[in-house]
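Have a look at the model below before reading on. The notes after it start with the chain as a whole and end at the ligand.

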Amino acid sequence: MKDAAPAQIHLRDYTPWPWEVTRTELTFRLDPDATRVTSRLSLRPRPGAAPAPFFLHGEELALLSARIDGIPVSPSVTPEGLTCAVPDGPFTFEAEVEIAPAANTALEGLYMSNGVYATQCEAEGFRRITYYPDRPDVLAPFDVRIESDAPVLLSNGNPGASGPGWAEWHDPWPKPAYLFALVAGDLRAVRDRFTTRSGRAVDLAIWVRPGDEDRCAWALESLKASMRWDEERYGREYDLDIFNIVAVDDFNAGAMENKGLNIFNSALVLASPDTATDSDYERIESVIAHEYFHNWTGNRVTCRDWFQLCLKEGLTVFRDQEFTKDLRSAPVKRIEDASLMRARQFREDGGPLAHPVRPESFVEINNFYTITVYEKGAEVVGMLKRLVGDDAWRRGCDLHFDRHDGQAVTIEDWLSVFEEVTARDLAQFKRWYSQAGTPRVSVSEEWDGTHLTLTFRQSTPPTPGQPEKAPLVIPFAIGLLHPSGAELLPTTVIELTATTETRRFDAAALAAAKGLDTARPVASLNRDFSAPVIVDRPRTTEENAFLLAHDTDPFLRWDAGRDLARAVLCDRATGAAADDGAYLDGLAAVLEDPALDPAFKAQVLALPSEDDIAQTLADRGLPPEPLEIRAAGETQRDRIAARLGDLLARTHDASATPGPYRPDAASAGRRALAGASLALLSRRDGGALARAEFAAAPDMTRSLAALSALLSVGAGAAELAAFEARWRHDRLVMDKWFALQVVRAAPAEAAATARRLIGHPLFTWTTPNRVRSVMGSLAGNAAGFHHPSGAAYDLYTEGLLTLDARNPQTAARLSTAFETWRRYAPDRQAAIRHRLDRIAATPGLSRDLGEMVGRMLG
Ligand code: 0A1
Ligand code: ZN
C-alpha cells in the first residue's frame with residue numbers, strides 16, 4: 001500500500017537534479033519470486049548545481065547491497081527511496097536489489113503476464129525495479145544484461161552479445177528511465193523489414209504468445225505505414241537497427257512507447273477477421289502509429305517533468321489523428337474525434353476532475369493520463385497548426401526536433417519555436433495549456449437586409465482551483481450559406497481573442513457575386529470542430545434541417561443531425577411533446593444520398609449517447625433521469641424503424657461487402673452502415689434478420705453486430721451461449737462477450753448481469769481488460785448504472801475496492817464513472833456520495849484511488 005497522507009507535487013517547485021547519469025548498466029537475474037537486479041550508474045555533478053542530498057527513488061525493493069566507487073556503503077532507506085553521502089566529483093553508484101515480479105499485480109515496474117516477464121515504467125514504475133533518479137529529465141544510455149532460461153530476452157536499443165541463458169542489449173540513445181523496457185518469455189516473432197529513406201535496414205518483429213502468430217499481419221502493415229508516413233509528413237526516420245513490439249495480455253493501458261521495444265496490450269496488436277472487429281482494426285492501426293510516432297515526439301525529444309506530459313501526448317495524438325485522416329476518411333475521423341471530445345473530455349472538463357492540459361499539481365501522476373491531457377492536448381496542437389498555417393507548422397516542428405533532440409523540454413520550449421518561426425506572440429494562446437474548463441462561444445446575429453453582423457462572446461466557466469478565466473485565442477471556422485443551399489462564404493477562420501468580437505459580412509455582395517438574390521444567410525459555425533468549445537447559438541429545427549441537407553462542411557452536417565436528435569430526445573426524456581418530423585426526413589435524405597460515404601451515414605444514424613442527453617439536460621438546469629433517457633432512446637429507435645424501415649432494409653442490403661474480409665476504410669464503412677441498419681431493423685422483425693446474420697456471419701464485425709442487435713431487442717440468449725461455446729478459449733473475443741451483455745442489459749438487470757459475470761470462471765481481477773469488460777461496461781450502461789435500486793452503485797463500489805487492493809491504477813481510472821454525480825437530482829447525488837464516502841473511508845486505500853475520490857468529493 002502507498003502513503004496514508006500523500007503530498008501534492010507542484011509544477012512551480014521544479015528543480016533540476018544536481019547530477020547527470022552518463023551511463024546506466026543493469027543486470028537482471030530473472031526469477032518469478034526473487035529477481036535480482038544489479039545496477040551501476042556512472043554519475044557526475046551537473047555543472048552549476050547547488051549542493052543537495054543524493055536521493056534515488058525506490059519503492060517496494062529489498063536492498064541487498066550498495067557501493068560507491070566500489071566501496072560498500074549503507075544508505076538510509078525509506079519507503080520512497082534511499083539517500084547517501086557521495087563524493088564531490090564523478091563517481092559510480094552500484095546497488096543490488098531483489099523484487100518479486102510474479103506478485104506484482106499492480107502491473108507497474110517488472111511483472112509477469114501469462115508466464116512472460118514484462119515491464120511498464122511510465123510514469124514512475126522504474127523505481128519499482130531498482131534505485132534510480134526516476135524522473136524524465138535524467139537521460140542516460142543504457143546497457144542491459146538479462147540472465148534467464150526464457151527463450152526470448154529483449155530490452156531497448158540494439159542487440160549485443162548473447163548466449164544460452166543470457167543476452168545483452170545496448171541503447172545508444174540517452175533516455176529517461178520511464179522508457180526502459182525488458183521482456184522475457186516463450187514468445188514467437190512475426191518478422192518483416194523496413195528500409196528507411198536514407199537506406200537504414202530495420203528489422204521489425206512482433207512478439208506474441210505461441211499460437212497468435214497468424215494475428216500479427218495487420219499490426220505489421222500498420223507499423224510499416226507509420227514509418228513511411230513519419231518520413232513523408234515530418235521528415236522523421238527511425239534510428240535503430242531493430243524495432244520490436246511485444247503483445248501482453250495484462251496491461252493497464254493501451255500500449256507503451258519504450259525505446260525500440262514497444263509493449264502493447266494484446267487487444268491492440270492481435271487481429272484476424274474471425275476475432276477482431278473493424279473498430280479493432282482501426283484502433284490497432286492508430287495505436288501502432290501513436291507509439292511509433294513517440295519515437296520522435298516523446299523519446300528523442302522528451303518531457304522535462306510530468307507536468308509537461310501533454311508535450312508528448314497531445315502532439316503524438318495529433319500526429320496519429322493526421323495519420324488516420326490520410327489513410328482513411330478525414331471527415332469521418334474528425335467526427336469521431338469531436339464526438340470523443342464532447343462525450344468524454346467536456347464531461348471531465350465540466351466536473352470535479354477538471355484540470356488544465358498542463359496540470360499545475362498532482363498527488364499521483366498516473367491519474368493525469370486523461371482525456372484532457374491527450375485529446376484536448378491534441379486539439380490545442382491542432383489549433384496551433386491552424387493559426388500558424390501548414391508551412392510554418394512544418395518549419396516549427398523541424399526546428400523543435402533540431403533544437404531539442406536529446407533534451408527534456410517544456411511547453412514553453414515547444415511554443416517558442418513557433419514564435420520564432422512566425423514572429424507571432426503566443427502568450428495568449430498559451431492559456432489553452434493553463435486554463436481548465438470548456439470555453440463557450442455564444443454567437444448572436446443581426447441582419448439589416450444586406451449585412452449579417454455576428455457577435456462572438458467567449459467565456460470559460462470556473463473549475464476547481466480556477467475561479468476566474470481570461471480570454472483565449474480561438475480559431476473559429478465559419479461559413480455562410482444562402483437559403484438556396486449555395487455557399488456564400490467558404491470556410492473562413494476568425495481569430496477570436498477578446499471577450500467580445502464582432503464581424504460584419506456583406507451578404508448582398510456575396511450573393512450578387514454568385515448571381516443570387518439577397519437573402520439572410522444561415523451561419524455555419526465552428527466548422528470542422530476548429531476549436532474545442534461549446535457553441536452557444538441555439539439553432540432552430542429549420543436551421544438544423546437546412547444545414548444537415550446543405551452544409552459543405554461534413555462535420556457541421558453531422559452536427560446538425562445530432563442537434564435534431566438531441567432536441568427530440570431531450571423533449572421525450574422530460575415528457576414534453578416531441579416532434580421528430582424534421583429529424584426523420586433529414587435521416588431519410590442522408591440515407592438516400594448516393595454521394596455520401598457509408599461511414600458518414602452510419603455516424604448520422606447513431607443517436608446521441610445517453611450521457612450526452614444527460615449532460616444537455618443538466619446544462620439546462622434539469623436533473624437528468626437516466627431511465628427516462630433510456631426510454632426516450634428506445635421510443636425513438638422504434639420510430640426510426642417504423643418510419644424508415646424499408647429504406648433501412650434497402651440500405652442494409654446495398655451495404656453488403658461480398659468476398660473475403662478486407663479491413664480498409666471503405667469496406668468497414670459499409671459494414672458499419674449495415675450494422676446500424678440491422679440494429680434498427682431488428683426492432684421491426686424481433687431479431688429475425690439478425691439471427692440469420694449471426695448464424696452466417698463471415699467475420700467478427702458482423703457476428704458482433706448481429707449479437708448486439710439481438711440483445712438490444714431482448715433476444716439472443718441462444719446466440720450468446722453459442723458464442724461462448726465457440727470462443728471460450730480466446731481471451732480477447734471473450735472480453736467482447738463479457739462487455740456486450742453488460743452494455744446491452746436492461747436497466748433493472750445490468751447490476752445482476754455484471755455480478756453474475758464477475759462470478760464466471762473466466763472472470764479475473766488481475767487482467768485489466770477483463771475487469772474493464774465488466775466494470776467499464778456497467779458504467780457505460782448509464783440507465784443500468786444509475787438504476788434507482790442502487791444495485792449497480794454497490795457492485796461498482798465493491799469492485800473498485802477489490803481492484804484497488806490489486807491494481808490501484810486501473811481502479812482509479814474506473815472510478816471516474818462517478819465524476820458526474822453532481823448533475824443528478826438530490827436523492828441520487830446522496831446515493832452516489834454515500835458510496836464515494838465509503839471508498840474514501842476505506843483503510844489502506846491507494847494513493848491513486850484516494851486522490852480521485854478526494855477530488856470527486858472535493
Ligand atoms: N505513454 C503511453 C501511455 C501509457 C501511460 C502510462 C502507462 O502506464 C501507467 C502505460 C501507457 C501512450 O501514450 O501510449
Ligand atoms: Zn502516447
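What follows is a short report, one topic per heading.

## Ground rules

This is a predicted model, in which local features need pLDDT of at least 70, side-chain atom pairs count only at pLDDT 80 or more, and totals for chains, interfaces and linings use all residues. Residues are numbered from 1 along each chain as its sequence is written, while chains are lettered from A and ligands numbered from 1 in the order in which they are written.

## The whole chain

The chain comes with 27 helices and 31 strands. Both are DSSP runs numbered from the N terminus: H or I over at least four residues for a helix, E over at least two for a strand. Along the principal axes, the C-alpha atoms fill a box of roughly 90 × 65 × 60 Å. The radius of gyration is 28 Å, which agrees with a compact globule, because 858 residues packed that way would come out near 29 Å. That radius is taken over C-alpha atoms, and the globule rule is 2.2 Å times the number of residues to the power 0.38.

## Domains and annotations

Four domains are assigned: domain 1 (1-186), domain 2 (301-433), domain 3 (440-538) and domain 4 (729-857). Their bounds come from an automatic or database domain assignment. Taken over C-alpha atoms, the centres of domain 3 and domain 4 sit 42 Å apart.

UniProt, in an unreviewed entry, lists residues 104-179 as "domain: Aminopeptidase N-like N-terminal". That span is 0% helix and 50% strand, with 19 Å between its end C-alpha atoms. A second annotation from an unreviewed UniProt entry, "domain: Peptidase M1 membrane alanine aminopeptidase", covers residues 218-432. Here the chain is 55% helix and 9% strand, and the end C-alpha atoms are 37 Å apart. UniProt positions follow the numbering used here, feature names are shortened, and annotations may be inferred rather than shown by experiment.

## A three-stranded sheet and a hairpin

Three strands make an open, antiparallel sheet in the order 4-8-7. Strand 4 (54-57) and strand 7 (76-78) are the edges, each pairing on one side only. Strand 7 is joined to strand 8 (residues 81-84) by three bridges, and Val77 has Leu82 as its bridge partner. Strands count as paired if DSSP finds at least two bridges between them.

Further along, strand 14 (residues 158-163) and strand 15 (residues 166-175) pair antiparallel over four bridges. Pro159 faces Trp169 of strand 15. The two strands form a hairpin with two residues between them, and Gly165 in the turn has a positive phi of about 85°.

## Backbone oddities

Leu107 is not a glycine, yet has a positive phi of about 60°. You'll find Leu107 in the loop between strand 9 (91-99) and strand 10 (109-113). There is also a cis peptide bond from Glu122 to Ala123, with omega near -5°. Ala123 belongs to the loop between strand 11 (116-120) and strand 12 (140-147).

## Around the ligand

Which residues are the closest to ligand 1? They are Glu122, Asn252, Ala253, Met256 and Tyr369, out of 15 that surround it. A residue is near a molecule if its C-beta atom, placed from the backbone, lies within 6 Å of it. Glu122 is also where the cis bond to Ala123 starts.

The shell holds five nonpolar, six polar and four charged residues. Ala, Val, Leu, Ile, Met, Phe, Trp, Tyr, Cys and Pro count as nonpolar, Asp, Glu, Lys and Arg as charged, and the others, Gly among them, as polar. Domain 1 (1-186) and domain 2 (301-433) each give the shell at least three residues. Strand 20 (255-256) and helix 2 (278-293) each supply at least two.
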